[in-house]
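Biologist: I'm happy at the bench but less so with models on a screen. Could you walk me through how to read one?

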Amino acid sequence: MNRMHFKDVKCANCGNVGKFNIWDSINVNSESKTKQEVKSLEFFKYTCPNCGESFQIEYLTVYNDAKNNFMIYYVPNKTSEIIRKIESINVPKQVEEKARIVFSKNDLLEKIDIFESKLNDVLIELIKPFVISKVEESGIEKEKAEIIYFSNYENGKITFSLPDIEGNFKVDIPIQLYEELLRRNNFKKILGFKIVDKDNAAMYLE
């Protein structure tokens, strides 16, 4: 069940104070309108009833996909105390290996897409340096490839997007590379809410 409460929001444009629904938990299924609104970020958008100005609201929430058995805690204001509290939460057994903590909406959307695609997010992070090498082969400076997001998986290809490169730049990686790395490596069990990103993914290899 979705849990929510109201928060007073002051419009940065006109100063009017209105109410915004803060969702403490977001529970979705494959066809839910809520799921689509999260993916389009409409879920986080506030529109001032006085002047019509719209802007994004940042707040702590947990995204729960029971069908695909994963949970993602979105933490826009990261502190060590908040992280410790989330890591101490007991999660249902069916999602305990796919419970993650993220700190931006783009990271939230990426984790959703990875888990919906039934892929291993540790391995996706470990493949990103290979994506950077492909970018360099295209004659693009490495510095422009620092931000990489999993985009989608279809037709035997895993696609990564690089928003800092002009022209909606994308890199396709054959699924055979992913599968080979999956066979060659042993992964530690990740139990409970944990951070998995490019900076720490290697620590989850045995």
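Modeller: Let's go from the whole chain down to single residues.

Biologist: Fine. What should I keep in mind before I start?

Modeller: This is a predicted model, where local features need pLDDT of at least 70, side-chain atom pairs count only at pLDDT 80 or more, and totals for chains, interfaces and linings use all residues. Residues are numbered from 1 along each chain as its sequence is written, and side-chain values use heavy atoms, with hydrogens and water left out.

Biologist: How many helices and strands are there in the chain?

Modeller: Helices (H or I, at least four residues) and strands (E, at least two) are DSSP runs, numbered from the N terminus. Here you get 5 helices and 10 strands.

Biologist: And how do I judge the overall shape?

Modeller: Use the radius of gyration, taken over C-alpha atoms; the globule rule is 2.2 Å times the number of residues to the power 0.38. For 206 residues a compact globule would come out near 17 Å, and the chain's 19 Å agrees with that. The C-alpha trace spans about 55 × 45 × 35 Å along its principal axes.

Biologist: What share of the residues is buried?

Modeller: Buried means under 20% relative accessible area, exposed over 50%, and partly exposed in between (1.4 Å probe, protein chains only). In this chain, 40% of the 206 residues are buried. The accessible surface (Shrake-Rupley method, 1.4 Å probe; for residues, only the protein chains shown count as cover) is about 11,600 Å², and 47% of that belongs to carbon and sulfur atoms.

Biologist: How do I read the charges?

Modeller: Count Lys and Arg as positive and Asp and Glu as negative, leaving out His and the chain ends. Each charge is placed at NZ of Lys, CZ of Arg, CG of Asp or CD of Glu. That gives 30 positive and 32 negative side chains, with the centres of the two sets 5 Å apart.

Biologist: Now contacts. Which residues does Glu-110 touch, leaving aside its neighbours within four places in sequence?

Modeller: A contact means heavy atoms within 4.5 Å. Glu-110, which sits in helix α3 (residues 105-116), touches Glu-125, Lys-128, Ile-148, Tyr-149 and Phe-150. Glu-110 counts as buried because its relative accessible area is 4%. Across the chain, take the contacts between residues at least 6 apart in sequence: 53% of them join residues at least 24 apart.

Biologist: Is Lys-35 buried or exposed?

Modeller: Lys-35 is at 7% relative accessibility, so it counts as buried. This lysine is in helix α1 (residues 33-39), and so is Thr-34. Thr-34 is buried too, at 18%, and leaving aside neighbours within four places in sequence, it contacts Ile-26, Val-28 and Phe-43.

Biologist: Where does Lys-7 fit in?

Modeller: Lys-7 belongs to strand β1 (residues 3-10) and is partly exposed, at 37%. Beyond its neighbours within four places in sequence, Lys-7 contacts Gly-18, Lys-19, Phe-20 and Ile-22.

Biologist: How many aromatic pairs are there in the whole structure?

Modeller: Rings of Phe, Tyr and Trp (its six-membered ring) pair if their centres lie within 6.5 Å; planes under 30 degrees apart count as stacked, over 60 as edge-to-face and the rest as tilted. The search finds 11 pairs. In one of them, the rings of Phe-44 and Tyr-74 have centres 5.9 Å apart and planes at 75°, so this pair is edge-to-face. It links distant parts of the chain, with Phe-44 in the loop between α1 and β3 (45-47) and Tyr-74 in strand β6 (residues 70-74), 30 residues apart. Both residues are buried. Ring pairs also join Phe-20, Trp-23, Phe-43, Phe-44, Tyr-46, Phe-55, Tyr-59 and Tyr-74 into a cluster.

Biologist: Last one: what about backbone angles?

Modeller: Most residues other than glycine have a negative phi. Asn-155 has a positive phi, near 55°, in the loop between β8 (149-154) and β9 (157-161). With a relative accessible area of 72%, Asn-155 is exposed. Asn-168 also has a positive phi, of about 55°; you'll find it in the loop between β9 and β10 (170-174), exposed at 59%.
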